[in-house]
Amino acid sequence: MSMIVCLSCGTANGGTGYCSQCNAPLPKIDPNSNMSGTGHQTGRFEQIRDACDKVRTQAWTLEEFEQFISNLFNFLEGHKNAIIGYVKETGYFEYGSQEVEMGFTGVQRYEEGLELIYTYIEDGVPESVLDQGLQMIWEGNEMINEAMRENRAARRKLEEEWGYM
């Protein structure tokens, strides 16, 4: 059985329909879908794309889709705030400003994509807006991935220079 990550608290669940930690509804994932990712796609991006497909085909109601997107917003907001707190607390921006800026630009692009998708729910705009939102999320995701690659490279360099990390 594949694990489903709760979009409210991040707990991995066995797919019972509700999170074992916070009791939030879990995203409905097709058990036959491939969630392992291909190339640079992340499981979360695939979950979002799958949710967009489900609302298009009416496998999900707008209310279910809205719950999914709202939970995702809340989950990502918590992670973003934790990262901002870490950067401020440690002064990491001084050392890795390019990496931090790229990461935050990626987060902003990701959020803009989610907001665009949300307009589909609120305003009933054409389905093409779902594809536009997914494209923005993908671009943001790639920026975040690049920032993480730069972070790992910087950590390796410090480990070599200092002998520990």
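**Helix packing and core of the predicted model**

In this predicted model, helix α1, spanning residues 43–56, packs against helix α5, spanning residues 128–162, at an angle of about 180°, and the two axes lie 11 Å apart. Because angles over 145 degrees count as roughly antiparallel, α1 is described as roughly antiparallel to α5. On the α1 side, the contact is built from Phe-45, Ile-48, Arg-49, Cys-52, Val-55 and Arg-56, while α5 contributes Leu-130, Asp-131, Leu-134, Ile-137 and Trp-138. Sorted by character, the residues in this contact of α1 with α5 comprise 8 nonpolar and 3 charged, with no polar ones.

One of the α5 residues in this contact deserves a second look. Trp-138 sits in helix α5 and is partly exposed, its relative accessible area being 21%. Buried status requires a value under 20%, so Trp-138, at 21%, counts as partly exposed. The C-alpha atom of Trp-138 is separated by 7.3 Å from that of Tyr-110, although their positions lie 28 residues apart along the chain when counted as a sequence separation.

Attention now turns to the interior. The largest nonpolar core holds 22 residues, of which Ile-48, Phe-65, Ile-69, Leu-114 and Ile-117 touch the most other members. Helices α1, α2 (62–90), α4 (97–123) and α5 each supply at least two residues of this core. In soluble globular proteins, nonpolar side chains tend to be buried together. Leu-114 gives a good view of these surroundings: leaving aside residues up to four places away in sequence, Leu-114 touches Ile-48, Ile-69, Leu-72, Phe-73, Leu-76 and Ile-137. Of these partners, Ile-48 of α1 and Ile-137 of α5 also take part in the contact between those two helices.

Two further residues illustrate opposite ends of the accessibility scale. Phe-68, in helix α2, is buried, with a relative accessible area of 4%. The C-alpha atoms of Phe-68 and Gln-47 are 9.7 Å apart, with a separation of 21 residues along the chain. Gln-58, by contrast, belongs to the loop between α1 and α2 and is exposed, with a relative accessible area of 70%. The backbone of Gln-58 is also worth a glance, as this residue has a positive phi of about 65° although it is not a glycine.

Stepping back to the whole chain, the secondary structure amounts to 5 helices and 2 strands, arranged from the N terminus as β-β-α-α-α-α-α. Of the 165 residues in the protein chain, 33% are buried. Among contacts with a separation of 6 or more, 52% join residues 24 or more positions apart.

Finally, a word on confidence. The protein chain has a mean pLDDT of 80, and 79% of its residues reach 70 or more. Over residues 30–41, however, the pLDDT is below 50, and this stretch has 18 contacts in the model beyond near neighbours in sequence. Where pLDDT is low, the predicted coordinates should not be read in detail.

Note on methods
Residues are numbered from 1 along each chain as its sequence is written. Side-chain values use heavy atoms; hydrogens and water are left out. Axes are lines fitted to C-alpha atoms, for helices over the stretch in contact, and angles run from 0 to 180 degrees between N-to-C directions. Helices (H or I, at least four residues) and strands (E, at least two) are DSSP runs, numbered from the N terminus. Angles under 35 degrees count as roughly parallel, over 145 as roughly antiparallel, 65 to 115 as roughly perpendicular and the rest as oblique. Contact means heavy atoms within 4.5 Å. Ala, Val, Leu, Ile, Met, Phe, Trp, Tyr, Cys and Pro count as nonpolar, Asp, Glu, Lys and Arg as charged, and the others, Gly among them, as polar. A nonpolar core is a set of buried Ala, Val, Leu, Ile, Met, Phe, Trp, Tyr and Cys residues joined through side-chain atoms within 4.5 Å. Buried means under 20% relative accessible area, exposed over 50%, partly exposed in between (1.4 Å probe, protein chains only). pLDDT is the predictor's confidence in each residue, from 0 to 100.
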